[in-house]
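I am opening a notebook on this structure. My entries follow the order in which I looked things up.

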Amino acid sequence: MPDQVRKKRAIILFNLGGPDGPEAVKPFLFNLFNDPAIISLPNPFRFLLAKLISSRREPVAQEIYAHLGGKSPLLELTQDQANALETSLNDLDDGFDNRCFIAMRYWKPFADETARAVKAWGADEMILLPLYPQFSTTTSGSSVKDWKRACRDAGLTVPMKTACCYPTNAGFVNATADMVREGYEKAQAENKGVPRLLFSAHGVPKAVITKRNDPYQSQIEKSAQAVVDQLAIPGLDWLVSYQSRVGPMEWIGPSTEDEIKRAGQDGVPLVIVPIAFVTEHSETLVELDIEYREIADHLNIPVYERVRTVCSHPKFIAGLVNVIHDTQTALDAHGVDSDSAQTRGWWCPDDHVCATAKQPGAA
């Protein structure tokens, strides 16, 4: 198709972000805890609390990132995904000139910078693609809300449609199953018992689920079930758990740490699967690989095998291509996102449960 008739379509990939050096750790933490989706207090209380928490947590966070060379690998890995997705989309030759942009929530590149870049490129349409397979107000919801603000500030007004979630997308599920099968077979090869599969996701306070009608936990369970179904291992011992708990609030459970301890009591090999993360970062490379492994070793767990994230697995990238296609179809058939309703009008494969989630305000 001639270049002059191809519509420019910007694909905006959302992710958490991470510090790009030791000096960025504290401001990264402040940005995280100053997000009303994370701490839903009004200002100035949230601002002051974010200052306090980021100051207190900085030493621990610095130690965590020291294991990773002083910075997060998240941006580079996300850029690899963006490059692979852009290539796959443009290979379709379906009338779109696609360019993938990255907008991180808590560190560079921020939404404001990316929105200006999209406007400068001259995009005709936008597809918003959170790199979170499962929707939560604390992740995808917060990123999309901030993106719409950045678009208003930049004067970027082209039509947009959001892919809210894809917890059972075939590409994501099949790529994960490939990685899990490899890890499971390695654990089996140790001949130290039948492995237990532990799908570990980032936890959230229980109030996020109950008070916001947030579908995150139910979608995590759907993702895990879909992977188990794809594996089709008879009598598979598996469950879902949640990691990274902080603070005194009640969090959804069971906790990954508690389940590691139970595996120690049961004397079973353990295969850990990060089910909510599609890129490696501190929670996989440090929390799962170092901190939880130390607990497992202390408990004499016979095997501790951590499955890699899908990253740029070809099946996962192909799954994202399908998500873009379905979102584009919804954009063409039903119109654009409403700027006044943060979660309405999104493309959603999960019965639009995300449309009922209550996104906190920015007071």
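Entry 1. How are H9 and H10 oriented to each other? I kept in mind that I was working with a predicted model. I looked up helix H9, residues 256-266, and helix H10, residues 282-298. I found that they pack at an angle of about 25°, and that their axes are 9 Å apart. Angles under 35 degrees count as roughly parallel. I therefore noted H9 and H10 as roughly parallel to each other. I also noted that the crossing of H9 and H10 is right-handed.

I then asked which residues make the contact. On the H9 side I listed Thr256, Glu257 and Ile260. On the H10 side I listed Tyr292, Ile295 and Ala296. Sorted by kind, the residues of the contact of H9 with H10 came out as 4 nonpolar, 1 polar and 1 charged.

Entry 2. How many aromatic pairs does the structure hold? I found 7 aromatic pairs, and I wrote up two, beginning with Phe135 and Trp346. The ring centres of Phe135 and Trp346 are 5.6 Å apart and the planes stand at 70°, so I entered the pair as edge-to-face. I placed Phe135 in the loop between strand S3 (125-130) and helix H5 (137-154). I placed Trp346 in the segment after helix H11 (314-334). The pair links distant parts of the chain, with the two positions 211 residues apart. Are Phe135 and Trp346 buried or exposed? I found both Phe135 and Trp346 buried.

The other pair I wrote up is Phe199 with Trp238. Their ring centres are 5.9 Å apart and their planes are at 90°, so this pair is edge-to-face. Phe199 is in strand S5 (residues 196-202) and Trp238 is in strand S6 (residues 237-243), 39 residues apart. I looked up how accessible each residue is. Phe199 has a relative accessible area of 0%, so I marked Phe199 as buried. Trp238 has a relative accessible area of 26%, so I marked Trp238 as partly exposed.

Entry 3. Where does Thr162 lie? I found Thr162 in strand S4 (residues 160-162). Its relative accessible area is 0%, so Thr162 is buried. I asked what Thr162 touches, leaving aside its neighbours within four places in sequence. The contacts I listed are Leu128, Val144, Thr327, Asp337, Trp346 and Trp347. Trp346 in that list is the residue from the pair with Phe135. I also checked Thr162 against Ala150, which is 12 residues away along the chain. The C-alpha atoms of Thr162 and Ala150 are separated by 15 Å.

Key:
Residues numbered from 1 in each chain as written. Predicted model: local features only at pLDDT ≥ 70, side-chain atom pairs only at ≥ 80, totals over all residues. Heavy atoms only, no water. Axes fitted to C-alpha atoms, helices over the stretch in contact; angles between N-to-C directions. Helix = DSSP H or I, 4+ residues; strand = E, 2+ residues; numbered from the N terminus. Parallel < 35°, antiparallel > 145°, perpendicular 65-115°, else oblique. Left-handed = near helix turned anticlockwise from the far one by under 90°. Contact = heavy atoms within 4.5 Å. Nonpolar A, V, L, I, M, F, W, Y, C, P; charged D, E, K, R; others polar. Phe/Tyr/Trp six-rings, centres within 6.5 Å; stacked < 30°, edge-to-face > 60°. Buried < 20%, exposed > 50% of the residue type's maximum accessible area, 1.4 Å probe, protein only.
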